[in-house]
Each structure stands twice: as structure tokens, then as C-alpha cells.
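Visitor: I should like a close look at a single part of this model, with the terms explained along the way. Please begin with one helix and continue from there.

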Amino acid sequence: MAQLTHSGLAMTDIGRVLGKLRALQSDLPAGERQAIESLLRAAGVVERTPPQYNPFLPGVHEDPYPHYHRLQAEHPVHWSEAMQSWVVCRYADVVTALRDPRLSHRTGYRTVLANVPPAEHAGIAQVTRFLGRLLNEIDPPEHTRLRRAMMRALATVGHQLPPARLESIARGLLDPVVTRHRMDLVADLAHPLPAVVGAELLAIPAADRSHFGRDVHDIVHTFSGGFSGTAAMAAGESAVDSLSSFLAHLLARRRARPGPDALSALLAVDGLTDDERVLVAANLILGLHENVTHAITLGLNTLLRQPLPAQRLLRGPDRLPTAVEEMLRHEGTAPILSRVVREDTVIGGVDLPQGAPVILLIAAANRDADRFPAPDRFIPDRSPNPHIAFGLGKRACPGATLARRIVHAAIGATLTGLPGLQLDTAAPLVWRDEINIHGLSTLPVAF
């Protein structure tokens, strides 16, 4: 079974299908059992020797780290039949790949598009074009120019969101749920928070923020839901049209009356078209949304399973920044990055031919025992901590500094504002299904 078939199924769907096949297999004659075993092997849901990266194996999605460690020990750079891609998983090799200009970034949106029947491509032209122009999908010199513009805009307006203001926004989201003594940290805090911050960065009028938030949600969902078919792509098509039109209208208003916001700052950047200014603004908001939402909830989920670190953080809030770096290393939001080889290269002693797809296992690299002692332990004061959760060098996330500040503020406000905070064992904790996003759909807590 090729990558496209896999990507059209959610992890939970694959788990259910596999369970039914295994149950059926035990009741069949030997010849038919062998036929099912061959089918499972062809579908890529049976472990191979030597091991290959395969997020569809039983248990790997819920706890991928034993799988990662085996790959690092036995098959650090290899071709994955399940993913139809080369895979790189050791820290040193992933860092080498991230720095190698011979690996192109123009890959991810094609995987999403491949799940949409060709007859429907015309109906999703805008979202496809949009996905292909995001900063993480383009190469220099275009990437360099647009990334520089985003960083200039952030440098201009970032001071308007100091830690105290970010904490105030987070507390404003927490206050309505305090009396309930229970909440879902995803729905009540982590999901709305980056949208509120993004709206402030762009100085979006209060009356427009709800519609703005829905557009952002639908576009972000295209990255995940789009892997399951066309419904999310269709919603993304409408949302891209709506968000682009809204930002273009807002840009025109800022040109007539500049203000202390990111769009006004982008107007001051020479050499950009208005279309590129809208694109950079959208990149900024979308990047914050997905990374920050999951960083907050993954961090709190890890922290609430470690009572002593949580208590120490409460007693010493100055320790929070170091602990957040360890949260990002321990459970990163982007487990994989995709690349394409532009010209023949060698990584980890393995020849990678021109045109070959490559998956960089960021989550595995951040748990590499050769770089991080006791890699599976959460050590809140770990130092040094050279994780690559936000990328590396010139390809590092340009909004990483702001993202860290938002995560610090959200976790700090949660720990101090909800005394007795603990995981709510009476409600289910639900993981996202996608292989390209590591995050929680729900994180129920009680206090």
C-alpha cells in the first residue's frame, strides 16, 4: 500500500482495521492466515527487518519513541516502503540535512493534493497555491526575502505584546472556567489563545475577530484534514479566499491610516507586493496557531504527569523558560519535516539520489541518546538543550521567539491561576490522528 492510501486514513481507522484483521486471522486455516499476513505486509502495517519508519504500525502513533530508538540504532538512514520516502532519524544527520541547501522544501502540499481526485483540482486551486507559497514550502531566494520581511514586522510590533499582556490574555480565557473546576485546556485556552494574539498583532477590529478565527481554523485544518480527503480542502479553499480578501482590505486601510501593527510594519518593507504582504501576514498567524496550540497542551500534559517539576515551577517561576525548552524537546509539535533532494547528496553515509523524497524525523532527533542524556526523561532544568523543535539556522521558525513567549505566558497563567491543577482522569484525553502533527484534540483537567 503506497503512501497515498495511508495518508487517506486516520490513525484510529488504521488501528481498527488492523485489529479486525488480526482477530479474523486467528480463526482461519493456515493458508488463509498467511494470505492476511501477506496483505498486512503489503499494506505496511507489519514490522520489517531491518526496521523501517512506519507510523502505521500498532502502538507507534500513541508512543513512537521505542520505534524511533530502534531506527536510530539499526537503520538511521533508510528507505521506508510505508512512506515511500527516505528517512533520516539521528540528531546529527537531521541537523546536517536541515543545513543542506541541496534538499528542497517544495514538498508537503503535493501530498495533500495527491489525495484529491484530479477532477476536483480546479475547485481547490486557491488553497493549493496558498499551501505551496507558505514559508516552509519555498526555497531561497524567495524564502530569504519573505522570512526577512516577517522578522522585521515582528521586531517592529513584538514589543506591544510583553509578557504581562500575554499573561493577561491567557488569564482572560481562564477566568470564565475557574468556577467550573473542570476544563478542556485545548478548547478553552490553547486553541483560542494564538488566534487572539494574532488578532492583536494585526489590530483586527473586535467585530471581525470571530470570522477571522474561523478562517484561520479552516486553513490550519487543511494541513491535517486534507490528508483524509477533500472535505477539509474545500473548507480551506473558501477560508483562503475569505482570509486573503479580508487581509487585503485591512492592508488598504492601513495604507491610508498606518498604525502600530504588523500589516503597517509590512507596508514599510520595500520590495514586497501587496499580495506578498498578505501572504507574510497569513504565514505569521497560521504558524503561531498550530505551533503554539500544541506546544501549550503537550507541555502541560507532560508537566502534569511530573508532580515534582510542577511544584518546583510554581515555587520558582524564573525556572519556567528552561522547563518550556525541555517541553519542546520532549514532545515537539512537528514530528516530521519533508524534503526533496535537488541534487545527489550523502547523509549518514547513504547516497540520496536527485528527486528522492526525504522525511526528517525531528521528534526522533530530539530524543537521540547520542545528543541528549536520558532522552526519554523530562528534565525541567536540562542544560544544554540544543533541541530543533523550531528548526535550525536560516530555516528556523521566524516566529519562534514570540511563540515561546506565548507558551511561557499560557503555562504560567495556568499553573498560578488554577490551584490544584491535575489531569481529569474521568474524561478522555484524545490525541490528534495525523502523522505530520503531534498534538492533542482534548486535554481535560480538574482543579
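Guide: Helix H15 covers residues 274-304, and because each residue should add 1.5 Å, its 31 residues should span 45 Å (1.5 Å times one less than the number of residues); the end C-alpha atoms are 45 Å apart, which agrees. Helices here are DSSP runs of H or I with at least four residues, strands are runs of E with at least two, and both are numbered from the N terminus. Of the 31 residues of H15, 27 are buried, that is, under 20% relative accessible area with a 1.4 Å probe, protein chains only.

This is a predicted model, in which local features need pLDDT of at least 70, side-chain atom pairs count only at pLDDT 80 or more, and totals for chains, interfaces and linings use all residues. Residues are numbered from 1 along each chain as its sequence is written, and side-chain values use heavy atoms, with hydrogens and water left out.

A second subject is strand E4 (residues 182-184), where Met-183 is found. Met-183 counts as buried because its relative accessibility is 5%. Leaving aside residues up to four places away in sequence, Met-183 touches Leu-174, Val-177, Asp-188, Leu-189, Leu-418, Leu-443, Pro-444, Val-445 and Phe-447, contact meaning heavy atoms within 4.5 Å. One of these partners, Val-445, is 262 residues from Met-183 in sequence, yet their C-alpha atoms are 5.6 Å apart in space.

Technical notes: Buried means under 20% relative accessible area, exposed over 50%, partly exposed in between (1.4 Å probe, protein chains only).
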